[in-house]
Amino acid sequence: MRRRFIAAVAAAALSACGVASNEVTLLNASFDPTGDLYEEFNAAFSAQYRTPDGKTVSIGMSHGGSGKQTRSVIDGMPADVVTLALQRDIDQIAERTGKIPANWRGLLRHNSSPYTSTIVLLVRKGNPKAVHDWDDLARPGVSVVTPNPKTSGGARWNYLAAWAYADRKFGGDEARTGEFVGAIYRNAAKLDSGARGSTTTFSKQGTGDVLITWENEGYQLLLESSPGEFEMIYPSLSILAEPPVAVVAGNAERHGTLKVAQDYLLYLYSPEGQRIIAKNYFRPFDRTAANPEDLARFRDVEMVSVDDPLFGGWKAAQKKHFDADGVFDQIYKPAK
Amino acid sequence: MTPKAISKPPRANWRRRSVLPGFGLSLGYTIAYLSLVVLIPLAGLGISSASLGWNEFWAIAFDPRVAAALQLSFGAALLAAIVNTVFGVLIAWVLVRYRFPGRRWLDAAVDLPFALPTAVAGIALATLYAPNGVFGATLESVFGLKIGFSAIGVVFALIFVGLPFVVRTVQPVLEEIDRETEEVSATLGAGRWRTVTRVIMPGLLPAILTGFALSFARGVGEYGSVIFIANNLPFQSEIAPLLIVIKLDEHNYAGATAIATIMLVIAFVMLFVINLLQAWSRKWFGHD
Amino acid sequence: MTEAEKSVMATRRRQKQAVGEGPLTRAALIAVALAFLGIMLIAPLLVVFAEAFSRGAGVFFDALVAPHTMSALQLTLLVAAIAVPANLVFGIAAAWAITKFDFKGKAFLLTLIDLPFAVSPVVSGLIFVLLFGANSALGPWLDEMNIKILFAVPGIVIATIFITFPFIARELIPLMEQQGSSEEEAAVSLGAGGWRTFFLVTLPNVKWGLLYGVLLCNARAMGEFGAVSVVSGHIRGQTNTLPLHIEILYHDNKAAAAFAVASLLAMLALVTLAVKTVLEARFAGSLAAQRRH
């Protein structure tokens, strides 16, 4: 019995690796709202790509909150590439495992972010709570849906966008800025672990007046819901979200997939990759490759960057706002 | 799953029992498998926790957010266990004492939470009690009561997972209760209510308490069904198991380990209490 | 009917009334029980099926035959096919040791067997992350030996075995305790060996209880969410079990598909309960009096 048990486990382990002789397998650990993007992109990549010895590539996907994915890769998930929501998460993998070189941001163009996005607001039909900008989210009686910044990358962009707005509104008065952002989060109806969960909470379960989410996620929802059911609102100030990608060299070298993994990420920068990116509501940097109809959807909105002096880059922003006992942790502390 | 009564055989039985072979093999295998699957992994948690040191451990345990999550997990489990005790005893009573069409189906339905995966229960409950769900919309418009995405939602999920424990613990004891005492009580002029509360309930008490404790123990650790229906806000409806997941995803292994250790110790205590209850039941009422 | 008979009947009726509730109370109690079970248990079950077909049968069947559903189903079956037999062998060994022999520390052993039941599924997952994760003491060695446990099938299997560990033992122990050892002792005294005694005497006596234990263990193994979620890595087509796949579909704005897959597991639950009901009706004596999980 035991021997058979061990044999079965071993067989299962082998089959889980999915190593077929005429096929190379890549594993891409990605954040929540990229499901449709990578489904289309992977199919396009696999269709045209052959390894030097003529093998095809099949790509496995794992999606989850960016923080959760980071934790999994640190704990040993054998991802060949990571395509996460923000730089800090890939930095964490680099620092804690050494499987990604510290200079990873310089290895691909545009700080290794082949696409960008921004943060928008979604409201219900007719905008019953008259939500037009961040101010309205801090009002009493407005119920907000946003994921948990502790586990979701998108949620951290949401938070920083609100912070940037409040910082400008209060002329850099940090106490009042913190109070403003705290008011928004105290209006939260549900904190899901990832952006996708929040979308479901807002759309399927009729919870909340406003959803703070990725621009791409917002368009996705507009597409999937009946026309007019939801409306998208661009706030007066948002943030330039740069979701980065990197090869997990430590894993890929071991799997013998380093070259494939690099080519896979480079394909994101190709005209075809950029076209697919724009089609799936992420902002491409190569606008010439994209379909003009896809581009027409993206509205111009003033955006701050996490590298602005206000935040001083992801490392500082993470430490100040999201680490244990950071500013975010103070929000829900009951008043003493 | 509870410690089930193992009646201690009289001394004379000891030798007679030992004529059967396989003691070494079966006990050896039991202990080896138990160690491999349960004890060694749990010991790993203990070691990780011990490496934190007392100061760090207590700092995490008394962090207000952790305390709030533990309080919610225990409070909601307690409330759900109370509701389940009331209705569980009632359902057991109806199933044992009355004959009506569909009784067998009702009896079968009680086990549903044992067989239905928690994630399935979670999305079903969230759909029912969401503000736009069948029950959620009605309750909110009629009573102004918000169940989905609130702490009450946690209680509802725990009622679902915990109900069978009470029914299935009380039911067999109720079946065995000697009805003659009831008849005697009635003949002596006691009213029905008096007979039920003074004659029947005391005999059921150990089983009721055991069912309550089981429902409570299951509720404290429940995760799958709760996360879909709770709004997961810190200090509001963030349960302790969810906080473990969040700490883990923040790469805060120390925090996750400390909360897990607290929950594990409490699980031990719960099992101990359940054991005591059943020993008590055996001693006083001859059944368990 | 003679007067005497009538009088006896009347007395019986009175007696019956004296030890039972009045018809009104009775009806009210049944109504409350029905309402509570209907609202708390049956309604969620109905919602699963209603939502599964809310977008029509086409969406329902498409969701079931989708490649990711099929691979999740395969994985779930594989995990159950390993976890259930492993715990079956353990359950039989534990029940034999505990019910056929008397030894010191038996109560403590029983408490230890129960432990996984009281441990939160999330904690169960966490202990394996702490044990096998890349940052654990074992991690570097496992990595060197190229043994994959976390974020692969073995991790899911191990977490499932842990969660379902007590189920079969707990079904068998009370049953075998209740039946005593006299039949086995007779068999042994007539010269039968241990295995022969077990297969020809013990097993036939407990087979229905055992079957129910296996069914419950299987339902839990196929439905486990919390522990598996912590160790799986959610790799689509590779480490997604059915419950994890349901969560993904649900969050991917594909509620109908999520409920379609959920209805598969709900069907499994219904079959489990139906088999139990049938077994109980036919073999009332050979099922344990108490069932807890």
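How many helices and strands does the secondary structure of chain A come to? The count is 16 helices and 13 strands. This is a predicted model.

**Chain A**

Chain A has 336 residues, and buried ones make up 54% of them. Its radius of gyration is 21 Å. The globule rule gives 20 Å for 336 residues, so chain A is as compact as a globular protein of that length. Along the principal axes, the C-alpha atoms of chain A fill a box of roughly 60 × 50 × 40 Å.

Contacts within chain A often link parts that are far apart in sequence. Take the contacts between residues at least 6 apart in sequence: 70% of them join residues at least 24 apart.

**Where chain C touches chain A**

Here 28 residues of chain C are in contact with 29 residues of chain A. On the chain C side, the elements that give two or more residues are α4 (67-100), α8 (153-164) and α13 (242-251). Of these, α4(C) gives the most, with 4 residues. By class, this side of chain C has 15 nonpolar, 10 polar and 3 charged residues.

**Where chain B touches chain C**

This contact takes 86 residues from chain B and 91 residues from chain C. Which helix gives the most to the chain B side? Helix α2 (residues 23-50) of chain B does, with 14 residues. The chain B side divides into 62 nonpolar, 14 polar and 10 charged residues.

**Inside chain B**

The domain assignment splits chain B into domain 1 (19-51) and domain 2 (53-285). How far apart do the C-alpha centres of the two domains lie? They are 29 Å apart. The domains do touch: 4 residues of domain 1 of chain B are in contact with 6 residues of domain 2 of chain B. On the domain 1 side, the residues divide into 2 nonpolar, 2 polar and no charged.

**Contact sides by residue class**

The table sets out the class counts for each side described above.

| Side | Touches | Nonpolar | Polar | Charged |
|---|---|---|---|---|
| Chain C | Chain A | 15 residues | 10 residues | 3 residues |
| Chain B | Chain C | 62 residues | 14 residues | 10 residues |
| Domain 1 of chain B | Domain 2 of chain B | 2 residues | 2 residues | no residues |

The contacts here are given as residue counts. Interface size can also be expressed in another way: it is often given as the accessible area lost when the parts come together.

Definitions and conventions. Residues numbered from 1 in each chain as written. Chains lettered and ligands numbered in written order. Predicted model: local features only at pLDDT ≥ 70, side-chain atom pairs only at ≥ 80, totals over all residues. Contact = placed C-beta atoms within 7 Å. Nonpolar A, V, L, I, M, F, W, Y, C, P; charged D, E, K, R; others polar. Rg over C-alpha atoms; globule rule 2.2 N^0.38 Å. Buried ≥ 20, exposed ≤ 12 C-beta atoms within 10 Å, placed from the backbone. Domains from an automatic or database assignment.
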